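This report introduces a protein structure to a reader who has not met it before. Please keep the sequence and the model at hand while reading.

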Amino acid sequence: LSSFSPDGHLFAFLSLAIDKHVLKVYDTATRRSVAEHVVDAARVTSLCWARLDLAEGQGKAADEEGSRKNKRKKRNSLAADNASPSTSAPQVVVLGLSDGSLLLFSPTHGRLLRTLSDPSSSTAVLAVAGQDSTAVDPHTLWTSNADGALRLWNGRTNELSQSLFS
């Protein structure tokens with residue numbers, strides 16, 4: 001499995017190394033490895049790039065801060081908050097595993113940010129898709145699993161939001 005990041009600056013490549021998958025992320029300009037992660041928990045069955053806003057409570061903090069300022073500053077603050085999720089959300093590599101869980105790997109930090117799992121999701125993840133970076137919920141992921149279910153995951157709360165069965 002392999003994939004270019006949406007902006008084309010990074011390339012994620014998954015290889016098999018003695019019972020374990022190894023994810024390597026390369027910078028396309030320099031052709032050098034910028035991050036690496038060994039997945040030993042389960043077999044990787046799908047891979048995609050996503051821009052996810054995983055910060056918790058940003059909306060509340062921004063609203064409270066805005067209420068302390070005058071109306072003019074509040075309007076500017078709200079406009080900046082509405083524009084920032086698409087640009088500030090970090091790019092992550094999302095790995096779907098054979099046990100039904102998802103790993104969110106940040107090439108910028110060089111580590112796993114989150115593992116999403118739920119007891120109802122125990123079959124292999126066949127496909128993963130992130131929301132558009134301009135979406136209302138820039139912290140959600142869709143998966144299609146081997147049991148025929150589509151699942152909506154909330155990366156911010158680490159929970160399964162919804163399951164749809166065919």
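## Phe11 and the aromatic pair

Phe11 has its place in strand β2. The model in which it appears is a predicted one. Setting aside residues up to four places away in sequence, Phe11 touches Ser2, Ser3, Phe4, Lys24, Val25, Tyr26, Thr28 and Trp49. Phe11 and Arg31 are 20 residues apart in sequence, and their C-alpha atoms lie 9.3 Å apart in space.

How many aromatic pairs does the structure hold? There is 1 such pair. A pair of aromatic rings is described by the distance of the centres and the angle of the planes. For Phe4 and Phe11 the ring centres are 4.7 Å apart and the planes meet at 50°, so this pair is classed as tilted.

## Two loop residues with positive phi

Most residues other than glycine have a negative phi. Asp19 has a phi near 70°, a positive value in a residue that is not glycine. Asp19 belongs to the loop between β2 and β3. Is Asp19 buried or exposed? Its relative accessible area is 74%, and residues over 50% count as exposed, so Asp19 is exposed.

Arg31 also is not a glycine, and its phi is positive at about 60°. Arg31 is found in the loop between β3 and β4. Because its relative accessibility is 75%, Arg31 counts as exposed.

## The nonpolar cores

The largest nonpolar core has 16 residues. Ala12, Leu23, Val25, Leu47, Val93 and Leu95 are those with the most contacts inside this core. Two or more residues each come from β2 (10-17), β3 (20-27), β4 (32-39), β5 (44-51), β6 (91-97) and β7 (102-106). A second core, separate from the largest one, has 14 residues, including Ala50, Leu141, Trp153 and Leu160.

Within the largest core, Leu47 is one of the residues with the most contacts. Leaving aside neighbours within four places in sequence, Leu47 is in contact with Leu1, Ser2, Ser3, Ala12, Leu14, Leu23, Val93, Val94 and Leu95.

## The open sheet

Which strands form the open sheet, and in what order? The sheet has 4 strands, arranged as β5-β6-β7-β8, and their pairing is antiparallel. β5 and β8 (111-116) are the edge strands, each pairing on one side only. From one strand to the next, the twist averages 25°.

β6 and β7 are joined in the antiparallel sense by 4 bridges. Across this pairing, Gly96 stands opposite Leu102 in β7. The two strands β6 and β7 form a hairpin with 4 residues between them, and Gly100 in the turn has a positive phi of about 90°.

## Strand β7 and its partner β8

β7 is mostly covered, as 5 of its 5 residues are buried. Leu102, Leu104 and Ser106 point one way from β7, whereas Leu103 and Phe105 point the other way; all of them are buried.

On the side of β8, 5 bridges join β7 to β8, and the two strands run antiparallel. Leu104 stands opposite Arg114 in β8, and Phe105 stands opposite Leu112 in β8. The hairpin of β7 and β8 has 4 residues between the strands, and in it Gly110 takes a positive phi near 70°.

## Thr143 in strand β10

Thr143 lies in strand β10, which spans residues 140-145. Why does Thr143 count as buried? Residues under 20% relative accessible area are buried, and Thr143 counts as such because its relative accessibility is 2%.

The side chains of Thr143 and Asn145 are joined by a polar contact of 3.1 Å. Not counting neighbours within four places in sequence, Thr143 is in contact with Leu102, Val125, Ala127, Val128, Ala149, Leu150, Arg151 and Trp153. Two of these contacts link back to earlier sections: Leu102 is a buried residue of β7, and Trp153 is included in the second core.

Definitions and conventions:
Residues are numbered from 1 along each chain as its sequence is written. This is a predicted model: local features need pLDDT of at least 70, side-chain atom pairs count only at pLDDT 80 or more; totals for chains, interfaces and linings use all residues. Side-chain values use heavy atoms; hydrogens and water are left out. A nonpolar core is a set of buried Ala, Val, Leu, Ile, Met, Phe, Trp, Tyr and Cys residues joined through side-chain atoms within 4.5 Å. Buried means under 20% relative accessible area, exposed over 50%, partly exposed in between (1.4 Å probe, protein chains only). Contact means heavy atoms within 4.5 Å. Two strands pair if DSSP finds at least two bridges between them. Axes are lines fitted to C-alpha atoms, for helices over the stretch in contact, and angles run from 0 to 180 degrees between N-to-C directions. Rings of Phe, Tyr and Trp (its six-membered ring) pair if their centres lie within 6.5 Å; planes under 30 degrees apart count as stacked, over 60 as edge-to-face and the rest as tilted. A polar contact is a pair of N or O atoms within 3.5 Å; within protein, one must be able to donate a hydrogen and the other to accept it, and residues adjacent in sequence count only if both atoms are side-chain atoms.
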